[in-house]
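Subject: Structure handover

Hi,

Here is the structure I promised to pass on. Have a look at it first, and then read on for what turned up when I went through it.

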Amino acid sequence: MTNPESFRKQAPSMAEAWTKWRASFRKQTCAGSDLIVSAAALTKGMRVLDLGSGVGEPAFALAAALGPTGHVVASDLVLEAMSALTEDAQRAGVSNIECVQANMQALPFGDASFDRVTGRLSLMFSPDLEVALSEVRRVLKPEGLAVFVVWGSPDQPLFANTLGVLAKHITLPIPPSGEPGPFRFAPSGSLHQALRAAGFRDVEERTCALSWPWPGPASEMWAAFSDLSGPAFGDELGQLSSERRAAIEREIIEALTAYEHDNVTDPQASVVLGIGRR
Ligand SMILES: C[S@@+](CC[C@H](N)C(=O)[O-])C[C@H]1O[C@@H](n2cnc3c(N)ncnc32)[C@H](O)[C@@H]1O
């Protein structure tokens with residue numbers, strides 16, 4: 001699931017899963033948003049565009065950090081993905097976030113309209129990185145910063161104990177590292193190189209180990225992981241007998257249980273932070 005068409009097709013079922021698990025997922029992933037907020041060096045009154053915001057991060061964290069004088073445009077290819085964001089913002093009285101449907105390949109914004117462009121776990125899905133980054137650069141003001149957090153290695157515990165176990169039993173249709181998909185930027189230096197090639201200056205790339213605490217037992221973390229990434233597993237898992245599937249799931253939960261302490265499951269996360277200046 002990497003190109004815009006497949007994202008749009010899977011959107012309704014994905015939006016349901018993202019909406020269901022969003023509160024726990026937000027707790028699990030908040031260190032990823034904190035990393036973006038701190039790298040973005042925000043100042044009062046800034047306008048920030050977040051790409052692929054889904055159910056709301058890091059858009060909410062950016063809006064909180066900016067305060068009422070700043071403005072965040074949360075955007076996603078899939079409008080349904082942002083329905084929970086809209087609801088949560090209204091319920092919490094957050095008035096400095098606006099949701100806009102936007103494909104990062106063709107941003108519906110004027111040149112130089114943002115001080116910052118951010119994206120958490122979204123840029124790697126771009127089917128044409130050159131086009132997406134040139135759009136990011138176009139909508140940034142001169143001296144504006146692009147700040148992205150993407151997944152690091154697929155061999156990290158979070159994935160080795162989930163996708164890695166599945167891959168022993170079925171063929172997963174997940175593109176290899178380096179290709180559009182979750183692990184596009186796993187090869188060290190690849191995000192740096194892409195930002196440089198797009199014309200950004202003062203480019204930095206850092207691999208960061210983050211706490212990634214699911215606020216519940218390993219079995220629940222797996223239930224959420226599998227709901228949230230279901231379509232990425234392909235059809236093969238669903239075609240297994242229920243006994244075989246249950247045995248694989250037990251193997252995964254057992255592996256994740258090593259990271260469960262006091263009802264919190266934290267396999268940590270290795271992410272890549274990329275920063276570039278227009
Ligand atoms: C893994 S989710 C990340 C969501 C959120 N930023 C987070 O960290 O929780 C990736 C998001 O990128 C969006 N996306 C995928 N391709 C896109 C594109 N071409 N343009 C804009 N958004 C896209 C998806 O719809 C999805 O909501």
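Let me start with a serine: a polar atom in the side chain of S126 sits 3.1 Å from the backbone oxygen of D128. Keep in mind throughout that this is a predicted model. S126 belongs to the loop that runs between strand 4 (114-120) and helix 4 (129-139). With a relative accessibility of 1%, S126 counts as buried. Setting aside its neighbours within four places in sequence, S126 is in contact with M104, Q105, A132, P180 and R184.

One of those partners, M104, also turns up at the ligand, which is probably the part you'll want to open next. There are 16 residues around the ligand, and G52, E57, D76, M104 and R120 come nearest. Sorted by class, that shell has eight nonpolar, five polar and three charged residues.

Here are the ligand distances I'd pull up in the viewer:

- G52: a polar backbone atom is 2.7 Å from a nitrogen atom of the ligand.
- D76: an N or O atom of the side chain is 2.6 Å from an oxygen atom of the ligand.
- N103: an N or O atom of the side chain is 2.9 Å from a nitrogen atom of the ligand.

As for how much of the ligand is covered, on its own it has 590 Å² of accessible area, and the protein covers 92% of that.

Next, some backbone geometry. Most peptide bonds are trans, and a negative phi is what most residues other than glycine have. Which bond here is cis? The one that joins E57 and P58, with omega at about 5°. E57 is also among the residues that come nearest to the ligand. P58 itself is in the loop between strand 1 (47-51) and helix 2 (59-66).

Two residues to look at for phi are L121 and D202. L121 is not a glycine, yet its phi is positive, at about 60°. You'll find L121 in the loop between strand 4 and helix 4, and at 16% relative accessibility L121 counts as buried. D202, also a residue other than glycine, has a positive phi near 45°. D202 is part of strand 6 (residues 201-210).

Back in strand 4, have a look at T118. Is T118 buried or exposed? Its relative accessibility is 0%, so T118 counts as buried. The side chain of T118 makes a polar contact of 2.8 Å with the side chain of D50. Beyond its neighbours within four places in sequence, T118 is in contact with I36, V48, L49, D50, L51, P58, L62, V147 and F148. So the list includes P58, the proline of the cis bond.

Now the aromatics. Searching the whole structure gives ten aromatic pairs. Take F159 and F183: their ring centres are 4.9 Å apart and the planes stand at 80°, so this pair is edge-to-face. F159 is in helix 5 (residues 157-160), while F183 is in the loop between helix 6 (163-169) and helix 7 (190-197), so the pair ties together parts that are 24 residues apart in sequence. F159 is buried, at 5% relative accessible area, and F183 is buried too, at 4%. Both phenylalanines belong to one aromatic cluster, formed by W151, F159, F183, W212, W222, F225 and F233.

Last, two residues with C-alpha distances to parts of the chain further along. P187 is in the loop between helix 6 and helix 7 and is partly exposed, with a relative accessible area of 34%. The C-alpha atoms of P187 and V272 are 10.0 Å apart, and their places lie 85 residues apart along the chain. Leaving out its neighbours within four places in sequence, P187 is in contact with S177 and G178. R196 is in helix 7 and is exposed, at 52% relative accessible area. From the C-alpha atom of R196 to that of R277 is 9.8 Å, the two residues being 81 apart along the chain.

That's the tour. Shout if anything is unclear.

Cheers

Conventions. Residues are numbered from 1 along each chain as its sequence is written. This is a predicted model: local features need pLDDT of at least 70, side-chain atom pairs count only at pLDDT 80 or more; totals for chains, interfaces and linings use all residues. Side-chain values use heavy atoms; hydrogens and water are left out. Rings of Phe, Tyr and Trp (its six-membered ring) pair if their centres lie within 6.5 Å; planes under 30 degrees apart count as stacked, over 60 as edge-to-face and the rest as tilted. Helices (H or I, at least four residues) and strands (E, at least two) are DSSP runs, numbered from the N terminus. Buried means under 20% relative accessible area, exposed over 50%, partly exposed in between (1.4 Å probe, protein chains only). A polar contact is a pair of N or O atoms within 3.5 Å; within protein, one must be able to donate a hydrogen and the other to accept it, and residues adjacent in sequence count only if both atoms are side-chain atoms. Contact means heavy atoms within 4.5 Å. A residue is near a molecule or strand if one of its heavy atoms lies within 4 Å of it. Accessible areas come from the Shrake-Rupley method with a 1.4 Å probe; for residues, only the protein chains shown count as cover. Ala, Val, Leu, Ile, Met, Phe, Trp, Tyr, Cys and Pro count as nonpolar, Asp, Glu, Lys and Arg as charged, and the others, Gly among them, as polar.
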